[in-house]
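Good morning, colleagues. Please take a moment with the sequence and the structure before I begin.

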Amino acid sequence: MTHAVELRAVHRVYGRGDTTVRALDGVDLAFPAGTWTAVMGPSGSGKSTLLHCAAGLERVTSGTVTVAGQDITKATDSDLTRLRRTQIGFVFQSFNLMGALTAEQNVALPLRMAGKRPRRQEIREILTRVGLGDRLGHRPRELSGGQQQRVALARAMVTRPAVLFGDEPTGALDTKSARVVLGLLRQLVDDGQTIVMVTHDPAAAASADQVVFLSDGRIVDHLTAPTVHQVADRLAGLEVA
Ligand SMILES: Nc1ncnc2c1ncn2[C@@H]1O[C@H](COP(=O)(O)OP(=O)(O)OP(=O)(O)O)[C@@H](O)[C@H]1O
């Protein structure tokens, strides 16, 4: 099985001396291509650090991270920037759209940043795919939270990244909008996309193919084909531990 992302013996240490924090403490993980993984764990367990290190947003202290076959721990800053623009998509809890730009312009932005000339038809198709074909000219403030997150998803996918990362992508949404976004993520995975998502929500995690659990910077458990109850039980076990 090919892996879209692999972490080997990854450590991420913050601070020094008495204030040292081992945010990641020897993480070995591989995310198989074309699958959806949820990352869970108590507050402070290292989930965001893991996501940021895997997406090349943050450097590891030691160990290796491979994305689409490339060891990003050896990459220069400009190689990393290029890799993030071409191989990695990212959706955030707070959408992070450009307020002055329309939905269409927001989605076209990553292509412009990569020096490409976006084709209007392509941008319209991708927005139609997320159910926003009739909202092309709307600015973020004219869209609901769920619609904004769907624009953000279209923006993340427009470069056809090897892996899509989500940092609590449904965390700011009501249950119904969250379900729509999770349904779109499932469609993407069924079409071959690799997704890695941090979430606190057992229902969101249960939409994924597998769940890995972090505690104190280490992978301590995992579930395949998870149910909401299994996820909630495991998480509760870690939170009281
Ligand atoms: N820039 C930083 N400097 C120092 N310590 C940090 C820094 N970033 C994170 N940490 C520490 O690393 C540990 C892991 O943090 P991280 O944000 O990855 O956890 P998390 O599981 O995402 O938490 P949450 O669920 O609360 O968002 C925490 O103890 C945190 O305080």
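I shall speak about confidence, domains, strands, two loop residues and the ligand, in that order.

Let me state at the outset that this is a predicted model. The mean pLDDT of the protein is 95, and 99% of its residues reach 70 or more. If we go through the elements, strand β3, residues 36-40, has the highest mean pLDDT, at 98, and helix α2, residues 77-86, has the lowest, at 91. For the model as a whole, the ipTM is 0.97 and the pTM is 0.95.

I turn to the domains. The protein is divided in two: domain 1 takes in 3-87 together with 161-240, while domain 2 covers 95-158. Their centres, taken over C-alpha atoms, are separated by 24 Å. Across the boundary, twelve residues of domain 1 are in contact with twelve residues of domain 2. Which elements of domain 1 give two or more residues to the side that touches domain 2? They are α2 and α6, the latter spanning 175-190. The largest share of that side comes from α6, with five residues. By class, the side of domain 1 that touches domain 2 has nine nonpolar residues, two polar and one charged.

Next, the strands, beginning with the open sheet. This sheet has four strands in the order β2-β1-β4-β5, and the pairing is antiparallel. Its edges are β2 and β5, the latter at 70-71, and each of these pairs on one side only. Within the sheet, strand β1, residues 3-14, is joined to strand β4, residues 62-67, by five bridges, and the two run antiparallel. As one example of the register, Glu6 has Thr66 in β4 as its bridge partner.

The parallel pairings involve another set of strands. Strand β6, residues 88-92, pairs with strand β7, residues 163-167, in the parallel sense over five bridges. In that pairing Ile88 stands opposite Val163 of β7. Strand β7 also pairs with β8, again in the parallel sense and over five bridges, and here Gly166 has Met197 of β8 as its bridge partner. Strand β8 in turn pairs with β3, parallel, over four bridges; Val39 finds its partner there in Val198 of β8.

How covered are these strands? In β6, four of the five residues are buried, so the strand is largely enclosed by the rest of the structure. In β8, five of the five residues are buried. Both faces of β8 are covered, with Thr194, Val196 and Val198 buried on one side and Ile195 and Met197 buried on the other.

I would like to stay with Ile195 for a moment, a residue of strand β8, which runs over residues 194-198. Why does Ile195 count as buried? Because 25 C-beta neighbours lie inside 10 Å of Ile195, and the cut-off for a buried residue is 20 or more. Neighbours within four places in sequence aside, Ile195 is in contact with Trp36, Leu164, Gly166, Leu185, Leu188 and Val189. By way of contrast, Ile126 stands 69 residues from Ile195 along the chain, and the C-alpha atoms of the two are separated by 18 Å.

Two loop residues deserve a comment on backbone geometry. Asn96, in the loop between β6 and α3, the helix at 103-113, has a positive phi near 55 degrees although it is not a glycine. Glu168, in the loop between β7 and α6, also has a positive phi, of about 55 degrees, and is likewise not a glycine. Are these residues buried or partly exposed? Asn96 is partly exposed, because 14 other C-beta atoms lie within 10 Å. Glu168 counts as buried, because its C-beta neighbours inside 10 Å number 20.

Finally, the ligand. The residues that surround the ligand are Tyr14, Gly15, Val21, Ala23, Gly41, Ser43, Gly44, Ser45, Gly46, Lys47, Ser48 and Thr49. Which elements each supply at least two residues of this shell? They are β2, at 21-32, and α1, at 47-54. Of the elements, α1 gives the most, with three residues. By class, the shell has three nonpolar residues, eight polar and one charged.

To close, I return to two points: β8 has both of its faces covered, and α1 gives the most to the shell around the ligand. Thank you for your attention.

Definitions and conventions:
Residues are numbered from 1 along each chain as its sequence is written. This is a predicted model: local features need pLDDT of at least 70, side-chain atom pairs count only at pLDDT 80 or more; totals for chains, interfaces and linings use all residues. A residue is near a molecule or strand if its C-beta atom, placed from the backbone, lies within 6 Å of it. Ala, Val, Leu, Ile, Met, Phe, Trp, Tyr, Cys and Pro count as nonpolar, Asp, Glu, Lys and Arg as charged, and the others, Gly among them, as polar. pLDDT is the predictor's confidence in each residue, from 0 to 100. Two strands pair if DSSP finds at least two bridges between them. Domain bounds come from an automatic or database domain assignment. Two residues are in contact if their C-beta atoms, placed from the backbone, lie within 7 Å. A residue is buried if 20 or more other C-beta atoms lie within 10 Å of its own, exposed if 12 or fewer, and partly exposed in between; C-beta atoms are placed from the backbone.
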